[in-house]
Each structure stands twice: as C-alpha cells, then as structure tokens.
Amino acid sequence: MVRYVYDFEDGGRDLAGLLGGKGANLAEMSRLGLPVPPGFIVTTEACRAFLAGGEEPEGLCADVSRHLSTLERAAGRLLGQPDDPLLVSVRSGARFSMPGMMETVLDVGLNDASVRGLAKVSGDERFAWDSYRRLVQMYGTTVMGVDQALFDEVMTRLKEARGTSDDLCLDAADLAWLVEAYKRLIHDRTHRDFPQSPAQQLREAILAVFRSWNAERARLYRRREHIPDELGTAVTVQRMVFGNLGHDSGSGVAFTRDPATGRPGLYGDYLPNAQGEDVVSGVRDAVPLAGLERLDPRSYRQLRAHARTLERHYRDLCDVEFTIERGTLWMLQTRVGKRTAEAAFTIACELVREGLVSSDEGLARVSGDGLARLMFPRFDASATGEALAHGVPASPGAAVGVAVFDRAQAVRRAATGEEVVLVREETTPDDLPGMVAAQAVLTGRGGKTSHAAVVARGMGKVCVCGARDIAVSAEARRFTARDGSVVEEGTVISVDGSTGDVFLGAVPLVASATMRYLESGEQADSVVSAVARALEHADAVRRLEVRANADTPEGAARARRFGAQGIGLCRTEHMFLGERRKLVEEMILARTDADRDRALAALLPLQRRDFTGILEAMDGLPVTIRLLDPPLHEFLPDRTDLAVRIAAAEAAGGQPDAHDVELLDAVSRMHEENPMLGLRGVRLGLVVPGLAAMQVRAIAEAVVERTRAGGSPRAEIMVPLVGAVEELRLAREEVTRVLAEVGEETGVPLPCPVGTMIELPRAALTAGRIAEEAEFFSFGTNDLTQTTWGFSRDDVEAAFFAAYLDKGVFAASPFETLDREGVGRLVRIAVEEGRAARPDLETGVCGEHGGDPESIRFFHDVGLDYVSCSPFRVPVARLEAGRAAL
Ligand code: PEP
Ligand code: MG
C-alpha cells in the first residue's frame, strides 16, 4: 500500500521531493526540538496520483483520517469540536519554493457552532468571528471558485457603511454579519452551501491545494523558473496557532543573517496582533525585530536561539516565519533563504571561516551570475527614470550618455569628453569605432548573438539590442520611443543592459568595488575579499583552463589581469576596418595580381603590428589567431547607399564618381542572399589569392619580432568554418608553406600549432578525419548552434524566441546556454572522435557559451581543455569552471 501521509516525526529535509520543501523543513525543525505546531504532510505522490486520475487516490482519505486522529488525541480535542475546536491550516508546499503561486486555507474546522466555542475558550468574540470570515472567504475562493473580488466588494461596502477603511475597526457583530453575507455570496454563485462539516472542509481543502498546482500562474512561474511540471505539490496540515489574539501575540519573518548584505545577526520584521499573511501582504506596517525585543524580550531571545540552531544545522542562511500566541513562540516555516549576490559571497566566505562549511561547499554556494552582477556598474535602484523602450538585455551593466546615431558622431562627441550611447537599427563591423567610443549600444534589431551584442560583451560595453518598440532613423538623427515621444540626437538616456530597459535622462550609477578589485587587486571591503577567496579556491580546483576572446593589446592585457590563461580566439576582422578599409577595397578591386599584392603588402606591416602587441600582452601564454572569417563585402560600402549616391549624381545631371561605380559593380558581384552561409571562413582563404598568406606572414613575423625582443610568443593559427578535411588540408598547406618561408628567411623557429574551429555539423560529424590535419579544435558554438538549428543568429532572438520560450520549446535561448541534446551531442562526438584519431588533440570552445555558467558545466563534463570568453566573463568562467569540478 502506498503511504500518502507522513507525520512531522517521520520526515526530514532529505525527503523534500516527497514532502515538499515546507513539509520537509517543518519535519526537520520538529526533530530538532524546535516549537513547531504539530501536523502531518500529504505527499507529492498523492498529488500526482490525484492529478493523473482526476479523483482522490484510494487510501488517501483513510490515511488523512488516521493522522488527524493522532493530531486530535495530542491536542485533546477534535477538529471543529463545538465547545473547543481544533483548527488546522492547509498549505501547499512544493519541492522548490513557488511563493504565492498556490493555495492555502487557514482556520479549517470552524463552522456555525464551533465559532461560538472558539469565542468562549479564547475569550475573544471578535477574534473568533474574524477567523471564521477568513475561512469562509479563503474556502470560497480556493475550493469553491468564487472570485476574490466579490468578497472584497462585500467587505468594502461594509466598511463604507461603518465609515472606516480599517478592518480592525469592525467589531464582532460586523464580522458575524460578514460571515453570513459571504455564505450567501457563495450560495448565489455556486448553488452550494459553505460546508459545515469539518471533515469535508479538510478533504476539499487538500484537493483544492492539489488542483492549484495546475493554476495558470503556477504553470507560468514554473516555466520561468525551469521547475518541472510533473513534480506536484505536497500539502501540510498543521494545528493553527494565532498571532491575532491581542497585544501579546503577533507574527513575523526573520533571517538568520541580513539577506541583502550577508552581515551576521537576526534580521526581519514583526507585526503585533496579526496573522502571518498580514506580514507578507503588507496590509499593515511591520516593525523591525528590534521592536519585538522591546515588546517581548523572552520570545525574542528564544527566536534568536532557534535561529542560531537552524543556521548551525543547515549550515547556511535560513529564513523563518514565526507566530507568537499569547507569549508562546511557534516556528511555522524555515528554509535556506534567498539572498543577493553580495550576501551570497559574504556568507559563503564567513561560513568557511567559521569552519561550518568546507571551501568546496563555500564555492558551490556562490555563482558566476552573482559575480557578474557584482562586476557591473549599477543604476541606483531607488532612482529610475521615464521608460523609453525595452529590448534584449544583451550585455549587462548600466550606462548613461547622449544618444548618437552614427559612428562619426559617437567618435566626435566622445573625443570632446562626452559620454555617448550609440543608437542604431543594427550594427555592422563598420560601427566598431562608434561602439568603442560609446558607453552603451542600443539597437532596434538583433538578438543576444547579434553583432552589437557580441562585440559589446567583448568590450564589456552595456548593450540592449532588439528593442523593437523604437523606430530608429539614422538620417533624421533620432528615434521614436514606444510612447511616441521623439528622442533627438544629444538627448541624455540611460541604458540598463541587465534588464533591457532604456530610460530618458540620467539615472545615477553606483560603482562596483568588485570591478576595481579585478582591475587593480584592491580589496576595498569584505564583499570583495569574499569574491577573492572564492576565485582563489575555484582556481585551485578547476580542471578547465580559461582563455579570453580578445583582438586588441588592451583587451588582451585586461583579460590577463582578470586571470585569462591565454587567448582562445583573436578575431582578425576588426583589424580590417578604419583607415585600412581603403587597402581592403584595393585588394578586393584589384584587376591584376600585382595590384592585389601591393594592397596586401601594405596591409602586412599593419597586421604584424596588431599581432606583436597582442603577443606581447600575452607573453608566455597561447594566443589563438583566427584567419579572416566574414564575407569580404562586409568591408565594402552598403549597396543601397552606393546606388543612391550614383543615382543622385546622375539626377543632378553630373557624372557619378567612377570609384563609386566600380565599387557598386564589385558589391553587386559579391552580393549574397545568405552571407552567413556564403563565401566566408576557410572558403575565403582558399579562393582569395594571397589573403591567408599575408595574415600568416604577419603572424610569423610578429612571432619573430617578439622572439628577438626576448619574449616567449606562443601563436596558434586557427582556420574558421571548416566542413571537410580537404578544406583544412589545403589551408594548412598554405600556412605551413608561409611559416617555413619566414622561418628560413629569419632563422627563427616557428612552432605555431595549426588547428580549426568546429562550427558546422559536418565538421563535428567528420571530426576523426579533420583531426588528421588539426592540432587543436576550438568549438565555435555560435555558428554551430546557428547551423544545427537552422536559426539565423542575427534575427531569430528578437523575432520569435520570446514566443518559443513562452511555449516551452526551450527553457533558455540556445545561443545563450548550450543546447546539450543537439549541439552538445555534436560537441561530444567531435571530442571523442577527434581524440580517437589524435590523442593529444587540444580542445576548447570560443563561442559565447564559453562564458555561460550552465554551458561551462557541460564543457567540463565533456572533457574540453579550456573555455574562451570575452575578457569581462573571464572571472565568471574561472569561478564556474571551479564549481563544475566540485
Ligand atoms: C562562433 O561561431 O562560435 C565563433 C566564435 O565565431 P564567430 O562568432 O566570430 O562567428
Ligand atoms: Mg563562427
């Protein structure tokens, strides 16, 4: 026979799956000898059986009756006994806390007779009728389905008639009248009577709590919090204790430490003469716990002692709900409490110091997301402005600046010391100087892996992208906000990259001490010291190395300060912009080999300088340089702009600029409908003569220069977007040839490993072959996600991911958190088959997932050697790589 009911004495916190969090912790508290009103728990298994079968599972009723009898015997009175009723609360309690999402019925057992008995034994008629009207109301809504608003209306009318707005001004007769009015309301709406049988009340209340598991709001909450739908809720039935029995009674909530700062000491609120739900709902203002210390020092001392017991027992911050009934303290609930990131680090560090938890456990209790929150400058939460727009929170942090609409303005204004926010419909590599100059980037289109987002994160810039409720007009230098107001260039706006909100005006910023520590080592306060301890321990235990994606000497240097152990991805496309575009144009437009060679020769020393700087900043550590990846037309002007320019010149009766005409011809020839799937990656190197050779030569010469300067350069050359081993073989031949050439010319050995990115399903599926030609694999999980799902990384997030998340197609964007089932499977296959072919194959990941906590766990499990992420994610990745190794 299945056991559907447990007494508190039989349970414990290890049974949280069966008894729910609340039930399991109540059981734990009773076992610890804390004053918990006695009760029993109906299991989640009973709930699952009820929801699956649509009726009360066999045996449940008998189980409940048996445990109720035990409760009644201990109390010396029966549920709803007319002269002295035992009353119970019936509360939901799932495995994972879902605050306020499900139902509760209090004061079960009251009826027309027992309300009088309660009045007599309590000596408080008002209290008895108030309890009864609460039961009728809660039961009416939860069990019988009457709209709460209708009860509120009756109450409001009564208060109006009495000329008051305060419940406390209603007397016993008023409340008795209210009970009758509520009962009539229930009958009118349901054609059924409020049940007078206490046993029926209890049974129906339990089933109603089960049903509330599937209420719309509970389902929505679970989806957002990734709580599985099939768990079900437990139901706790517990003897009622009353905090509303006069001035020596009350209810409160307490934390064993301050959940905002982590500082030790009892912390919380107390409401005299009130039931627990009054504290949470804020109907009256509570007093700090210090107030309780004055009002009832004995209960306060007991509460403090219990809090200490709980914290020692759970070895963590706990929160508790308690009630004082005529001077007697009762503990009604406890759980390991939620806390801010600041408190999480502080508490973990403190508990390790106190010897209550090991360093490993301390590390398990903090998170990379929390660390990221501590790193970003923040808006002062108490001072937000007028909301202009909302978009995808793509790169967290807070920034204030004047809106500008093109890179020239951004650069010009920034040069004069102004802070600017670059607002674009979407960004292209062309916008880079503007992004560098800006404090934040706001775009109307694109998702979390759009250009704007990737680049902004790489630079640690705030970014909100895909704000579809704004209309950006770069020509008119303004955007229209969602309320129709127009934001002109030069208007100050505030961008919150952590929430996706954009505000008019300057919302004040709070600087981050954690960031100062990471930059300079300065440990300004105890939070920062706690962060430092956690990172130290993570570094000691992690197996994964952490590298950075960086393509400037400054980025490399910062990454190194943040603890990067090399560069896992140096993208070279940003090195082809600015004044170098002219040379790139010449290379693309060259009619003869000699013309092209001249353009490439002019680019060579500039590239060499780029690499020398980066190799110097990362001296002694590996620097993986990727050969050019994006389609070349990204470096040419926009086709429409050119066509318009030419048409305008012709319309004015003049001759269009010959260079424009030539460019338009080239751009048209190179135009691709799907450039992401076109002439890019290794394909470029194979069909554009001299391009890869120039890049390899620049790398090789930079290595020579650094070696001669006494450094230890460790360049690695990476070929992007390979799908077949033949592509890599050809590319590698070219790389090896140029390396040998430079080696011979200079006499300096060039032991540069050559490897490839795995970012196409075909590459993953033929990894054994590809490993024959690759000394390392770096998973480009941005493109691998794009090509595995067939999702355009630049479009889909803003277009329909919100709907997909709502419908539960996936719990998180696969561009953010690696899709283990699909993309992850390809990664696993490639690692296994690659290593089988080449046992010393080095493997890493350099897609955005390399900085995502959830994904880092997977990369650890699958056995990668390193993750590479933007410099600002390096500390987060170090921490998470440590946690993954626990
Ligand atoms: C990737 O595709 O994951 C990658 C790192 O390359 P990029 O984002 O530059 O395409
Ligand atoms: Mg890629």
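Ala, Val, Leu, Ile, Met, Phe, Trp, Tyr, Cys and Pro count here as nonpolar, Asp, Glu, Lys and Arg as charged, and the others, Gly among them, as polar. The exercises below use this division on a model that is predicted.

**Exercise 1.** Work out how many residues of the shell around ligand 1 are nonpolar, how many polar and how many charged.

*Solution.* Begin with the residues around ligand 1, which are Leu569, Arg571, Asp629, Glu759, Gly780, Thr781, Asn782, Asp783, Cys846 and Gly847. Next, apply the classes, under which Leu and Cys count as nonpolar, Arg, Asp and Glu as charged, and Gly with the remaining types as polar. The shell around ligand 1 therefore divides into 2 nonpolar, 4 polar and 4 charged residues. As a last step, turn to the secondary structure: helix α31 (residues 781–789) gives the largest share of this shell, namely 3 residues.

**Exercise 2.** Decide whether Cys846 is buried or exposed, and describe its surroundings.

*Solution.* First place the residue: Cys846 lies in the loop between β30 (842–845) and α34 (853–862). The cut-off for a buried residue is 20 or more other C-beta atoms within 10 Å of its own. Because Cys846 has 28 other C-beta atoms within 10 Å, it is buried. Then, setting aside residues up to four places away in sequence, list what Cys846 touches, which is Asn549, Gly568, Leu569, Ser778, Gly780 and Ser868. Finally, Cys846 is itself among the residues around ligand 1, and the unreviewed UniProt entry lists it, together with His451, under "active site".

**Exercise 3.** Do the same for His451: is it buried or exposed, and which residues is it in contact with beyond its neighbours within four places in sequence?

*Solution.* His451 is found in helix α18, which covers residues 451–459. With 24 C-beta neighbours inside 10 Å, His451 counts as buried, since the cut-off is 20 or more. Once the neighbours within four places in sequence are left aside, His451 is in contact with Thr427, Thr428 and Gly446.

**Exercise 4.** Set these two residues within the domains and the whole protein chain.

*Solution.* The chain is divided into domain 1 (5–239), domain 2 (250–339), domain 3 (377–511) and domain 4 (542–631 + 672–884). By these bounds, His451 falls in domain 3 and Cys846 in domain 4. Taken over C-alpha atoms, the centres of domain 2 and domain 3 are separated by 43 Å. For the chain overall, 52% of the 886 residues count as buried, and the secondary structure comes to 35 helices and 31 strands.

Methods. Residues are numbered from 1 along each chain as its sequence is written. Chains are lettered from A and ligands numbered from 1 in the order in which they are written. This is a predicted model: local features need pLDDT of at least 70, side-chain atom pairs count only at pLDDT 80 or more; totals for chains, interfaces and linings use all residues. Helices (H or I, at least four residues) and strands (E, at least two) are DSSP runs, numbered from the N terminus. A residue is buried if 20 or more other C-beta atoms lie within 10 Å of its own, exposed if 12 or fewer, and partly exposed in between; C-beta atoms are placed from the backbone. UniProt positions are given in the numbering used here, feature names are shortened, and annotations may be inferred rather than shown by experiment. Two residues are in contact if their C-beta atoms, placed from the backbone, lie within 7 Å. Domain bounds come from an automatic or database domain assignment. A residue is near a molecule or strand if its C-beta atom, placed from the backbone, lies within 6 Å of it.
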